[in-house]
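Colleague: I'm new to this one, so could you take a single part and walk me through it slowly? A helix would suit me well.

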Amino acid sequence: MQHSRPELPVNRRDQDRPVSRHHSASYYAHWVKESLTTRVSKLICSIFLGLLAIVGLITFILWLSLRPHRPHIFLNDFSIPALGHGDGGGGPENAHISFRVTARNSNQGIGIYYDASQVTVYYREKSVGGYQVSTTLYQQPKNSTLFASTLSGSSLTLTESQWKQMLHDRSRGAVIFRVELVSTIRFKISSWSSKHHRFHANCPAGLGQDGKLLPIYIDKRCSFYFY
């Protein structure tokens, strides 16, 4: 009869205890080096992104302050005195058109050159006169430039039929014209000048029975096309 040998007790704590690994000094040195490199890289990236954000903010502020705004055009006055006479003042040959158009520069620190300007008066979408400014005009910042003239003689191209139609419109309450200002401009910032830009400004002008501009059209801002 064989007797079974008693089993020795097994210490479960020894089985569950993780095996300790011993690393060399070179391993720890490499780990510390990689950790420092990662931290330095993150610090450099943070500084770079911070500087980039500051530069971007400064650039945006400068762009807002130096961005040129187009001029604002207003019709101040427009009249045909002959239309105020009951008989039409003797016809188109004795008529003349007076007008004042203001171009306002609202920019702070930015001037405007008007290299060439043309003012044309239209009645029922047909030109009845105009004049041209061939000299270059410089407009200071926060300033206004006046385009004013009196059209008569060769600068006024009114026909007899157009004049009769105007008298007919007058009898019905108002005679409607359109004043168009076309110009080529450049913006001036310190010693730098921009490229040329062209604009069209259209100003409606309604005359009453006295041949003068109706109140609703006085100093009215004109529509503006800029390219």
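Modeller: Sure, here is a close look at one helix and its surroundings. First, this is a predicted model, where local features need pLDDT of at least 70, side-chain atom pairs count only at pLDDT 80 or more, and totals for chains, interfaces and linings use all residues. Residues are numbered from 1 along each chain as its sequence is written, and side-chain values use heavy atoms, with hydrogens and water left out.

Our part is α3, residues 160-171. Helices (H or I, at least four residues) and strands (E, at least two) are DSSP runs, numbered from the N terminus. α3 has twelve residues and reaches 17 Å from its first C-alpha to its last, close to the 16 Å expected at 1.5 Å a residue; that expected span is 1.5 Å times one less than the number of residues.

Now look at which residues are tucked away: Q162, W163, M166, D169 and R170 are the buried residues of α3. Seen down the axis of α3, they fall within an arc of 120°, so they line one face of the helix. The arc is taken from the directions from the helix axis to the C-beta atoms. Buried means under 20% relative accessible area, exposed over 50%, and partly exposed in between (1.4 Å probe, protein chains only). An α-helix has 3.6 residues a turn, so residues three or four places apart point the same way.

Turn to the other side of α3 and you'll find S161, K164 and S171 exposed. Back on the buried side, the residues pack against β3 (111-123), β4 (126-133) and β7 (175-189), with contact meaning heavy atoms within 4.5 Å. Just after α3, G173 takes a positive phi of about 130°.
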